[in-house]
Amino acid sequence: LYTGNIIKEDCSIVLRLAPTFIRFGTFEIFLPTSNTMNTGPSAGLESTMLPPMLKYVVDNFFSHALEKAGGDYAEAYLGMFREVVTETAKLVAQWQSVGFCHGVLNTDNMSILGLTIDYGPFGWMDYFNPDYICNHSDKEGRYSYKNQPSICKWNLRKFAIGIQSAVPLEKTEAIIDEVYDETFDIHYYQLFQEKLGLFKYSILSEDRKLIDDLLEVMAFGMSDFTNVFRLLPEFSIPETKLSQLGEEDQGQIETLCSYSASLSVFLKSKKPVSSYAKVKEFMKTAKENPVVLTLYGLDEAFLQKELDKHELYNDLVKKSPKERTQAIKAKWAGWILRYKNRLYLESQAEEGIKDSITGEYTTLMSGSDSRPVADKLRKQRMNKVNPKYILRNYLAQNAIEEAEKGDFSGVESLLKVLMSPFEEQAEFQDKKYDQLPPSWSDDICVSCSS
């Protein structure tokens, strides 16, 4: 078990496949020396090397952009860049929708095709935590779950800088500003609408708060990301708008509460890394000599954030497990009531609802007789976008330990399960691949070298 301390392990050769391994960082080889980076190995050669590189990319991977530009490569480069921005925004939205963390989102690990490549210390969240860091080496959380969208946007700006001698920077930056946030925003919320079984995209603006509030409830209790979304299809469409929940719903809420992290795991995730005394000392230094903070790469805003963490943690440790459970249950009850009323509204749709997977349209007629059919269709669709199985770290660790002893059956069965992550697989039910992580798994560390 790797816990951050270096140990000797057997190694292997892994073959990775992709249409191309050209990345944003490929175009940084021309960068000159600056205060923040080393000189690129081909600095000064961009006038002769960059044009044929861009032409190769367009000819081989974005020929449609060239055709649309009428053979004008200058316009084709802008079309290519726009597509890279769009596909990158969609990619990170998809990551966020399943709780996936890449781990090392530098420019050299981002594909021009909007693909997930070069993921070493990647991971799926077990318990939902916006600050989740899957890479043990990422102490400051630069590539945490919540930072992934902004980091990808930052990397696009670096890509724009890398090609600026051939593609005007003011035009590529304008494309980023115009396209990235809007594309991410729309794709992100539509994905979560589908995860909730809400296919009336026309009311996306009203659903945003429902989605945001769900994630707040999940963060409050550190709920298991995958199991929560897999359970939501079990809440049925009500016959009419509700003012309170029924007994069946209360039972499902108990199950949702059971998906929360234990108090010890929760407190561990909230415990500040730095000591309170050290932070106060730095705060004093900031007032007396702010320049000193820059030597440590700190600022007052960061220090205040750390103090806030200490105050929050001190409040949390005062709460009993019973108080925490009651608070979690109350938040779930409030949100589920809103969700069920939104499902009722969904069932009243007279227009066709498009299945994002098949592209087919289904009309859900209003009326009590249609509710069982609507519920069945909704559950089928939700289970197509909400995986039952993910590669949890503890599952990988168990398979690794068995393989180290010469037994590869665990690796083989886990691989088979993950090849159909959305399907119920009765043959592996005894393996309990969907169960919450055991307490010992909290000590598992994954880094670039593990």
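**Figure 1. The largest nonpolar core has 80 residues.** L232, W332, W335, I336 and Y339 have the most contacts inside this core. A nonpolar core here is a set of buried Ala, Val, Leu, Ile, Met, Phe, Trp, Tyr and Cys residues joined through side-chain atoms within 4.5 Å. Buried means under 20% relative accessible area, exposed over 50%, and partly exposed in between (1.4 Å probe, protein chains only). Helix α3 (residues 73-98) supplies the largest share of the core, 12 residues. Helices (H or I, at least four residues) and strands (E, at least two) are DSSP runs, numbered from the N terminus. A second, separate core of 10 residues includes L395, A399, F428 and Y433. In soluble globular proteins, nonpolar side chains tend to be buried together.

The model is predicted: local features need pLDDT of at least 70, side-chain atom pairs count only at pLDDT 80 or more, and totals for chains, interfaces and linings use all residues. Residues are numbered from 1 along each chain as its sequence is written, and side-chain values use heavy atoms, with hydrogens and water left out.

**Figure 2. Surroundings of Y339 in the core.** Contact means heavy atoms within 4.5 Å. Neighbours within four places in sequence are set aside. Y339 then touches L196, L198, L210, L232, F235, R378 and M382.

**Figure 3. Two valines, V179 and V273, in their settings.** V179 sits in helix α5 (residues 169-195). Its relative accessibility is 8%, so V179 counts as buried. Beyond neighbours within four places in sequence, V179 is in contact with R82, V85 and T86. The C-alpha atoms of V179 and Y119 are separated by 25 Å, with their positions 60 residues apart along the chain. V273 lies in the loop between α9 (263-270) and α10 (276-288). V273 counts as exposed because its relative accessibility is 84%. V273 and D138 are 135 residues apart in sequence, and their C-alpha atoms are 13 Å apart.

**Figure 4. A salt bridge between K146 and D131.** A salt bridge is a side-chain nitrogen of Lys or Arg within 4 Å of a carboxyl oxygen of Asp or Glu. The count by this rule is 24. K146 and D131 meet at 2.8 Å, N to O. Both lie in the loop between β2 (123-124) and α4 (148-162), so the pair ties together parts 15 residues apart in sequence. K146 is partly exposed at 40% relative accessibility. D131 is partly exposed too, at 39%.

**Figure 5. R230, K388, E424 and D434 form a salt-bridge network.** E424 pairs with R230 at 3.6 Å, N to O. E424 lies in the segment after α16 (409-418) and R230 in helix α7 (residues 225-231), so this pair ties together parts 194 residues apart in sequence. E424 is exposed at 56%, whereas R230 is buried at 10%. D434 forms a salt bridge with K388, the closest N and O atoms being 3.0 Å apart. D434 is in the segment after α16 and K388 in the loop between α14 (371-385) and α15 (393-404), 46 residues apart. D434 is partly exposed at 25%, and K388 is buried at 13%.

**Figure 6. Cysteine C445 and the absence of disulfides.** A disulfide is a pair of cysteine sulfur atoms within 2.5 Å. The whole structure has zero. The closest cysteine sulfur to that of C445 belongs to C134, 12 Å away and too far for a bond. C445 is buried at 15% relative accessibility. C257 is also buried, at 14%.

**Figure 7. Confidence along the chain.** The chain averages a pLDDT of 88, and 91% of the residues score at least 70. pLDDT is the predictor's confidence in each residue, from 0 to 100. Over residues 364-368 the pLDDT is below 50. Beyond near neighbours in sequence, this stretch has nine contacts in the model.
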